[in-house]
Amino acid sequence: MSESGEMSEFGYIMELLAKGKVTIKNIERELICPACKELFTHPLILPCQHSICHKCVKELLLTLDDSFNDVGSDNSNQSSPRLRLPSPSMDKIDRINRPGWKRNSLTPRTTIFPCPGCEHDVDLGERGINGLFRNFTLETIVERYRQAARAATAIMCDLCKPPPQESTKSCMDCSASYCNECFKIYHPWGTVKAQHEYVGPTTNFRPKILMCPEHETERINMYCELCRRPVCHLCKLGGNHSNHRVTTMSSAYKTLKEKLSKDIDYLIGKESQVKSQISELNLLMKETECNGERAKEEAITHFEKLFEILEERKSSVLKAIDSSKKLRLDKFQTQMEEYRGLLENNGLVGYAQEVLKETDQSCFVQTAKQLHLRIQKATESLKSFRPAAQTSFEDYVVNTSKQTELLGELSFFSSGIDVPEINEEQSKVYNNALINWQHPEKDKADSYVLEYRKINRDDEMLSWNEVEVCGTSKIIQDLENSSTYAFRVRAYRGSICSPCSRELILHTPPAPVFSFLFDEKCGYNNEHLLLNLKRDRVESRAGYNLLLAAERIQVGYYTSLDYIIGDTGITKGKHFWAFRVEPYSYLVKVGVASSDKLQEWLRSPRDAVSPRYEQDSGHDSGSEDACFDSSQPFTLVTIGMKKFFIPKSPTSSNDPENRVLPMPTCIGIFLDYDKGKVSFYDMDHMKCLYERQVDCSHTLYPAFALMGSGGIQLEEPITAKYLEYQENM
């Protein structure tokens, strides 16, 4: 069948269902893939027990793999002191079918799969798709469903010469359909093929035996009760299920079949109750429809009242502005008339010229005295011109900022729902933002809406983004680097919501997060340093050499720094990583170092009982205090005794107290390889504590050094926790 035919197959089957031509019950909703919305094709069972088409899993993993590679291509050309081999290039489909990847594998692969059914992330494990079982039962039901819809369309013989005849049998061993004549020809009596299993005409050919995906040549014959999945005997003997409790397949079959039969009988017995509840739901839907319309009418009434108030205020404000404008224009008009009278042949000047023509002295003096005072007053007004009114209407500017903010937060009355409070201690931002909040009436809130927006440097705030959350925490992804974000949350119960919580301001790192682990293969001193299994935490401890050399302490003994670096190097780009220094640490140095400097450090003799032992071997970082070079192949700052020590520089104060800061809870390092600059940040407030130039002519690695008791914990990127699924047998 063509692709367009496959896409319309479900619609065709539904049409036959509507016409009553298909006798199978209406179970089509159980037979549709949640990804492609079509009937299942070779469905696979995910760890969360939902099924999905084989081709849909491949397509989704290809999409995730492309996004993973796009992110990886933006990172720097990372190298390491370890030997790294280039991964071979091959077709993406082949790579999808290969087993998954570990964190430090040479060819990392995406194995976290978002299930379209439950929308949760599931881990496909190291084998990827190869570790998933085909859901043959579902496949059989889908094929039965198709056959019911295709009853009028016969399945043709696969071996007939054109034109083919209608098939009467299908051989499960040959995976082909035959008419009576072809079946006799290809399955002659007395041969091995005559013993093949045959059924009625079908297109669904599945294996007779379910094989183990871990051991492809072994048959499934047991059931792991802990993992709730079928296994083979090799899985139990030496595989991942060696310590698990297993049972026989027949026992599991019997148990599950009895439980499923009881469940079905219970549901059938409750059919009348289900129907009554459906009727009740119909009534509730109608009541909801009426109440919703009533609520809309009430909301419209409230908004119309607001519109009336706004129109009234608008009319009042405009009337006040018009009155003030008319009064000012009248004053300007009067003043303008007075000044026009000062012009020649107009008003006062013309009248004065006529008075000058008077020859009678007594009459002239009588009139000229008052005229002189008027002209003198007009002359003074010319010397100090003042408008009769103001042109500005600043006093009439309507300030609606407060009202705009209130209208923006306009919502339904809270009806007693308390305001949620964001927990600042548990909320943090790294490569993503993790927001936690608390609500006194957690059980009474149906859901929450988390809002966040970016704040620009000029304090310009963009519109709020909203995310609906069922719990009391949420991870926000795709945040921009070196940016400031505001977060707030409100609670909902039904259609009622609470006011918004107080805003939380968080600053994102100045560069993409750089992931690495401690490398124990490069000069690692296992007598002094202790790594955990994850290699994301290192602790400094006293070694046996120090205890054996205790008798020489009277004559002098020096303890050296123990270095450990990251397993991945940086050759370009901007990167940011963070870590925590334990408060009890005596002396810790953190920063970056180039590959050539590492060789110099790691070549130094480190055995205290050796005659070649050098005092404070490799402690080159002390040169930062002795002399300052604008660009060195390393940069290390000192942390210890709950203090952060800023290295001496020409611009820093000579007062030691000004160079000592309280140790931050979490410390971040920002390396701009292209500009040759490294910066140290207080991670909690994303505040730069110290920065300087560094020589970037070689590969740079995250470098750490410890002396005495101490501990360093790498900050884990914020990611969603894997959900644990519980399935009842």
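**Figure 1. Phe 487 is a buried residue, with a relative accessibility of 1%.** The structure shown is a predicted model. The partner of Phe 487 in this view is Tyr 485, which is likewise buried, at 6% relative accessible area. A search of the whole structure finds 15 aromatic pairs. In the pair formed by Tyr 485 and Phe 487, the ring centres lie 6.5 Å apart and the planes meet at 35°, so the arrangement is classed as tilted.

**Figure 2. Phe 680 and Tyr 690 form a stacked aromatic pair.** Their ring centres are separated by 6.1 Å, with an angle of 25° between the planes. Phe 680 belongs to strand E31 (residues 677-682) and Tyr 690 to strand E32 (residues 687-693), with these positions 10 residues apart in the numbering. Phe 680 is buried, at a relative accessible area of 0%. Tyr 690 is buried too, at 8%.

**Figure 3. Strand E18 (residues 484-493) is largely enclosed by the rest of the structure.** Of its 10 residues, 9 are buried. Strand E15 (residues 447-455) runs antiparallel to E18 and is joined to it by 9 bridges; within this pairing, Tyr 448 has Ala 491 of E18 as its bridge partner. E18 also pairs with strand E20 (residues 504-507) in the antiparallel sense, over 4 bridges, and here Thr 484 stands opposite His 507. A further antiparallel pairing, of 2 bridges, connects E18 to strand E19 (residues 496-497). In that pairing, Tyr 492 is matched with Cys 497 of E19.

**Figure 4. The largest nonpolar core contains 43 residues.** The members that touch the most others are Phe 576, Trp 577, Phe 579, Val 590, Phe 704 and Ile 712. Strand E25 (residues 574-581) contributes the largest share of this core, with 5 residues. Beyond its neighbours within four places in sequence, Ile 712 is in contact with several residues, including Phe 518, Val 538, Phe 579, Val 588, Val 590, Phe 704 and Leu 706. The contacts of Ile 712 also include Asp 536, Arg 537 and Arg 580. An aromatic cluster is formed by Phe 514, Phe 516, Phe 518, Trp 577, Phe 579 and Phe 704. In soluble globular proteins, nonpolar side chains tend to be buried together.

**Figure 5. Two charged side chains are placed over aromatic rings.** The charged end of Arg 488 sits over the ring of Trp 464, at 4.0 Å from the ring centre. Lys 169 lies over the face of Phe 183, and its distance from the ring centre is 5.3 Å.

**Figure 6. Strands E2, E1 and E5 form an open, antiparallel sheet in the order E2-E1-E5.** Strand E2 (51-53) and strand E5 (133-134) occupy the edges; each has a single partner strand, so one side of each is left without a neighbour in the sheet. Strand E1 (residues 43-45) is joined to E2 by 3 bridges, and Pro 43 has Cys 53 of E2 as its bridge partner.

**Figure 7. The chain as a whole comprises 15 helices and 34 strands.** Of its 729 residues, 35% count as buried. The chain exposes about 45,600 Å², of which carbon and sulfur atoms supply 53%. Among contacts between residues at least 6 apart in sequence, 63% join residues at least 24 apart.

Key
Residues are numbered from 1 along each chain as its sequence is written. This is a predicted model: local features need pLDDT of at least 70, side-chain atom pairs count only at pLDDT 80 or more; totals for chains, interfaces and linings use all residues. Side-chain values use heavy atoms; hydrogens and water are left out. Two strands pair if DSSP finds at least two bridges between them. Buried means under 20% relative accessible area, exposed over 50%, partly exposed in between (1.4 Å probe, protein chains only). Contact means heavy atoms within 4.5 Å. Accessible areas come from the Shrake-Rupley method with a 1.4 Å probe; for residues, only the protein chains shown count as cover. Rings of Phe, Tyr and Trp (its six-membered ring) pair if their centres lie within 6.5 Å; planes under 30 degrees apart count as stacked, over 60 as edge-to-face and the rest as tilted. A charge sits over a ring if NZ of Lys or CZ of Arg is within 6 Å of the ring centre and within 35 degrees of the ring normal. A nonpolar core is a set of buried Ala, Val, Leu, Ile, Met, Phe, Trp, Tyr and Cys residues joined through side-chain atoms within 4.5 Å.
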